[in-house]
Amino acid sequence: MGWLSLAKELKRCSMARGCLQGVKYLMFAFNLLFWLGGCGVLGVGIWLAATQGNFATLSSSFPSLSAANLLIVTGTFVMAIGFVGCIGALKENKCLLLTFFVLLLLVLLLEATIAVLFFAYTDKIDRYAQQDLKKGLHLYGTEGNVGLTNAWSIIQTDFRCCGVSNYTDWFEVYNTTRVPDSCCLEFSDSCGLHAPGTWWKAPCYETVKAWLQENLLAVGIFGLCTALVQILGLTFAMTMYCQVVKADTYCA
């Protein structure tokens with residue numbers, strides 16, 4: 001009976017180790033891709049910071065909230081989580097696996113909370129965003145605000161709009177009837193001093209907002225794919241954690 005019991009235990013141990021090895025390599029491959037994705041995002045952020053300055057910094061209240069900085073922070077965080085997951089998988093370390101699980105779960109909950117708050121307070125966010133953007137207009141063309149200036153020029157040119165809620169927003173900035181040259185229907189030097197009939201009339205805030213709504217499906221698919229990847233990571237982490245515990249129990 002002792003030999004039979006020992007054989008069963010060895011069989012259980014072998015099965016547990018086999019399952020663990022399979023999950024281990026899947027977990028490692030997933031986190032390696034996760035880490036490489038973070039490297040890519042970080043690289044794009046550094047490139048933007050080095051070549052475009054603080055591109056897309058439109059907020060006067062949050063001057064550090066630029067596309068480059070957001071990509072750098074996001075890329076660094078994704079790389080850190082991916083690294084923890086990779087080492088946890090290779091070392092079969094329960095502490096690192098749980099750390100990876102908790103970090104990824106916190107990120108998922110934070111994203112869900114932000115999404116709920118955004119839809120719940122859309123009107124308030126709209127009003128605050130427009131007020132903040134109008135304050136930011138006063139930094140246009142000033143020293144040290146190349147990123148903001150470039151961002152407004154690109155937005156007004158590409159979206160064929162002018163100002164936040166109206167082209168008259170620029171009158172308060174210049175203290176005269178004038179807009180940036182990027183507001184002109186046909187660009188030329190100092191065309192912003194011409195008659196209003198030569199400027200774009202559409203408000204940039206509503207124009208960009210309408211563009212986002214038109215592409216809401218793509219945004220939704222991206223968000224869903226991101227959530228699915230995170231849920232997959234959580235599943236891998238918890239599955240491997242359970243397999244490590246099982247292997248430790250049967251092979252002790």
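Thr149 is found in helix 5. The model in which this residue appears is predicted. This briefing begins with the surroundings of Thr149 and then turns to the nonpolar cores, the disulfides and two further helices.

**Thr149 and its surroundings**

- Thr149 has a relative accessibility of 15%, and because buried means under 20%, this residue counts as buried.
- A polar atom of the Thr149 side chain lies 2.8 Å from the backbone nitrogen of Gly141.
- When neighbours within four places in sequence are left aside, Thr149 is in contact with Leu139, Tyr140, Gly141 and Thr142.

**Nonpolar cores**

- In soluble globular proteins, nonpolar side chains tend to be buried together.
- The largest nonpolar core in this model contains 20 residues. The residues with the most contacts inside this core are Leu137, Trp152, Cys162, Val164, Trp170 and Val179.
- Two or more residues of this core come from each of helix 4 (122-137), helix 5 (146-159), helix 6 (169-174) and helix 7 (204-214).
- Helix 5 gives the largest share of this core, namely three residues.
- Val179 touches Cys162, Tyr167, Trp170, Phe171, Tyr174, Gly192 and Trp199, with residues up to four places away in sequence not counted.
- A second core, separate from the one above, has 18 residues, including Val23, Met27, Ile81 and Phe236.

**Disulfides**

- The structure holds three disulfides.
- One of them is formed by Cys161 and Cys204, whose sulfur atoms are 2.1 Å apart. The torsion about this S-S bond is about 95°, so the disulfide is right-handed.
- Cys161 lies in the loop between helix 5 and helix 6, whereas Cys204 lies in helix 7, so the pair ties together parts that are 43 residues apart in sequence.
- Cys161 counts as buried at 0% relative accessibility, and Cys204 counts as buried at 2%.
- Another disulfide joins Cys162 to Cys183, with an S to S distance of 2.1 Å. Its torsion of about 90° about the S-S bond makes this disulfide right-handed.
- The pair of Cys162 and Cys183 links distant parts of the chain, 21 residues apart: Cys162 is in the loop between helix 5 and helix 6, and Cys183 is in the loop between helix 6 and helix 7. Both Cys162 and Cys183 are buried.
- A further disulfide joins Cys184 to Cys191, also with an S to S distance of 2.1 Å. The torsion about its S-S bond is about 105°, so this disulfide is right-handed. Cys184 and Cys191 are both buried.

**Two other cysteines**

- Cys95 counts as exposed, with a relative accessibility of 55%, because exposed means over 50%.
- Cys242 has a relative accessible area of 40% and is partly exposed.

**Helix 3**

- Helix 3 covers residues 94-120 and has 27 residues, which should span 39 Å at 1.5 Å a residue. The C-alpha atoms at its ends are 39 Å apart, which agrees with the expected span.
- Asn93 caps the N-terminal end of helix 3, where a side-chain oxygen of Asn93 lies 2.9 Å from the backbone nitrogen of Cys95.
- The buried residues of helix 3 are Leu97, Phe100, Phe101, Leu104, Val107 and Leu108.
- An α-helix has 3.6 residues a turn, so residues three or four places apart point the same way.

**Helix 2**

- Asn69 has its place in helix 2, which comprises residues 67-91.
- Asn69 counts as partly exposed at 28% relative accessibility.
- Asn69 and Leu48 are 21 residues apart in sequence, and their C-alpha atoms are 8.9 Å apart in space.

Terms used. Residues numbered from 1 in each chain as written. Predicted model: local features only at pLDDT ≥ 70, side-chain atom pairs only at ≥ 80, totals over all residues. Heavy atoms only, no water. Helix = DSSP H or I, 4+ residues; strand = E, 2+ residues; numbered from the N terminus. Expected span 1.5 Å × (residues − 1). Buried < 20%, exposed > 50% of the residue type's maximum accessible area, 1.4 Å probe, protein only. Polar contact = N/O pair within 3.5 Å; in protein donor to acceptor, adjacent residues only side chain to side chain. Core = buried A, V, L, I, M, F, W, Y, C linked by side-chain atoms within 4.5 Å. Contact = heavy atoms within 4.5 Å. Disulfide = S-S within 2.5 Å.
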